[in-house]
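Here is a short tour of one model, written for someone who likes to think in terms of helix geometry. Please have the sequence and the coordinates open as you read.

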Amino acid sequence: MLVVTVLVIAVGPVATVAAEDLTVDEAVSRALSGDPRIQSALLEAAAARSSVEEAQWSRLPSLSVSAGYTRLSHVSSSISFGSAEVSLDSQDNAYSLQANLQYPVFAGYRLRESITLAELAAQGKAIGVDATRSAVAFETERAYWEALRAENIVAMMRENLSLTERNRDVTRRKLEQGTVLNADLLEAEMRCDQAEMDLQDAIMRRDRAMLMLRSLVDPEGSQDLSLVSEPGSDVTIDGSEQDLVKDALEARPELLAATLAVDVADANVGQARSALYPTVSVTGNYTYANPNSRVAFQSDPAFTGTWMLGAQISYDLGGLPAHRSAIDTREAEVRMRTADADRTERVVTQDVRTCLLVYNRTRADLDLVSGMVDQAREHERVVAQQVRLGAASDVDQLTASVDRLRSEYAVVNKAIDLQIAAADLRRAAAIQRYE
C-alpha cells in the first residue's frame with residue numbers, strides 16, 4: 001500500500017481560519033447534493049411526471065358549465081285578429097344556465113398513445129437525472145485528484161527550489177575559495193531562478209485546480225480546503241471485461257436513452273396510425289333558461305329546463321394520403337433510432353474496453369515506478385558518500401537528489417492517474433459508487 005503525505009508550506013501571513021479537511025467521498029457527496037445541473041434535471045423530471053398525470057386526466061369527459069344574462073331593448077307590437085287587436089310586449093331580460101358534456105368514446109387510440117408518450121418522456125427525464133449525477137460525480141472526483149496532484153507538484157517544486165538554493169550557496173562558497181569558476185556560480189543561480197519560476201507556475205496551477213474543485217463542492221465557501229484522501233488507496237475493480245461490458249449495457253444512461261428513443265418512435269407510429277380510425281364522441285347539453293329558446297309559444301316566460309344527448313362519428317377522408325405519409329415517416333424514424341441504439345451500444349462497449357485498458361496499463365506503470373524509488377534513494381545516498389570522499393561534485397549530488405525527487409513524484413503521479421482511471425472505468429461500466 002502506497003502512503004503519500006503532501007506537505008503544503010504556507011506563503012505569507014498565517015491564516016486565521018484552519019483549513020477544512022475534505023476527502024474525495026465528501027467532495028463528491030457535496031457536489032451531488034448542491035450542483036445546480038442536478039437540481040435542474042430533478043425539476044425537469046418532476047415536470048415530466050406532472051405531464052403524465054395531465055395526460056391521464058384527459059381520459060375523463062369534458063364537462064363545462066356556463067351562466068348568462070342578457071338585457072334586451074323593449075319592443076311593443078300588436079297583432080290583429082279580425083276586429084280584435086292584441087298588444088304584445090317583448091321579454092326584456094334573458095337568463096340562462098347551461099351544462100355541456102363532450103366525451104370521445106373512441107379517438108383512434110390517440111389518448112392512449114399520448115399517455116404512453118408522456119410516460120416515456122418522464123422516463124427520459126429520469127435517465128437524464130442519472131446521467132447528470134454520473135457526470136458530476138466523475139467530474140468532481142477527477143477535479144479532486146487533479147487538485148491533489150497540483151498540491152504535490154507545489155511540494156516537489158519547493159523541495160527542488162530548496163535543493164537548488166543549497167547548491168547555489170555551496171557554489172558561492174567554493175567560488176570564494178577559488179575551487180570553481182564564476183561561470184559555475186552563474187549556472188547555479190540560473191538553476192535557482194528557474195526553480196523559482198517553476199514553483200510560481202506550480203502555485204498558479206494549484207490555485208486554478210483548487211478553484212475548479214471549489215466551484216463543484218463549495219462555490220460560496222471561503223474556507224481553505226485540505227485534501228486528505230490518499231491516492232495510494234486500494235482501487236481494485238472486480239469483474240472481467242465481459243462482466244463490465246454487460247453492466248454497462250444494462251445501466252449506462254446513454255444506452256438507456258437510445259433504447260427509450262426507439263420506444264418513443266414506436267409510440268409516434270401508433271399515434272400517426274390513430275388518424276386512420278374514425279372518431280366517435282358523445283355529446284350532451286342541459287339548458288335552464290328564461291326564456292328557453294327551445295320552448296315555443298311561451299305566453300308567460302319562466303325558467304324552463306331542456307336537455308340534449310347525442311352521438312357523433314367523423315372520419316377524415318381527405319387526410320388519408322397525408323396520414324399514410326406521416327406513418328411512413330414515423331416508421332423510418334423507428335429504423336433510424338434503432339440504428340442509433342446499435343451504434344450507441346458499440347460506443348459504450350468500446351468505451352468500457354478502452355477504460356479497462358487504460359486502468360490496467362496505469363496499474364502496471366504504478367507497480368513499475370514504485371520499484372524505482374528505492375533505487376533513486378540508494379543512488380542519492382551513494383552519491384552523498386562520494387561527495388564526502390571527494391569522488392563526486394555538488395552538482396552530482398544535486399542531480400541525484402532531483403532524480404530521487406522526480407521518482408517520488410512519479411509514484412504519486414501514477415497513483416493519482418490510477419485513481420482517475422478507476423473513476424473513469426466505473427463511469428464507463430455504470431458502477432454506482434455514490435448514491
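## Helices α7 and α8

Let's begin with helix α7 (residues 320–389) and helix α8 (residues 394–428), whose axes cross at roughly 165° and come within 8 Å of each other. Angles over 145 degrees count as roughly antiparallel, so α7 is roughly antiparallel to α8. The crossing of these two helices, α7 and α8, is left-handed. In the contact of α7 with α8, the residues comprise 22 nonpolar, 14 charged and six polar ones.

Please keep in mind that this is a predicted model.

## Helices α3 and α4

Next comes the pair formed by helix α3 (residues 110–177) and helix α4 (residues 182–217): their axes come within 8 Å and cross at roughly 165°. The two helices, α3 and α4, are therefore roughly antiparallel to each other. As for handedness, α3 and α4 make a left-handed crossing. Sorted by class, the residues where α3 contacts α4 are 22 nonpolar, six polar and 14 charged.

## A look at D243

If you would like a single residue to zoom in on, try D243, which sits in helix α5 (residues 241–251). Is D243 buried or exposed? The answer lies in between: D243 has a relative accessible area of 40%, which makes D243 partly exposed.

D243 also offers a handy distance to check in your viewer. Its C-alpha atom is separated by 9.0 Å from that of A429, although D243 and A429 are 186 residues apart along the chain.

Methods
Residues are numbered from 1 along each chain as its sequence is written. This is a predicted model: local features need pLDDT of at least 70, side-chain atom pairs count only at pLDDT 80 or more; totals for chains, interfaces and linings use all residues. Side-chain values use heavy atoms; hydrogens and water are left out. Axes are lines fitted to C-alpha atoms, for helices over the stretch in contact, and angles run from 0 to 180 degrees between N-to-C directions. Helices (H or I, at least four residues) and strands (E, at least two) are DSSP runs, numbered from the N terminus. Angles under 35 degrees count as roughly parallel, over 145 as roughly antiparallel, 65 to 115 as roughly perpendicular and the rest as oblique. A crossing is left-handed if the near helix is turned anticlockwise from the far one by less than a right angle, and right-handed if clockwise. Ala, Val, Leu, Ile, Met, Phe, Trp, Tyr, Cys and Pro count as nonpolar, Asp, Glu, Lys and Arg as charged, and the others, Gly among them, as polar. Buried means under 20% relative accessible area, exposed over 50%, partly exposed in between (1.4 Å probe, protein chains only).
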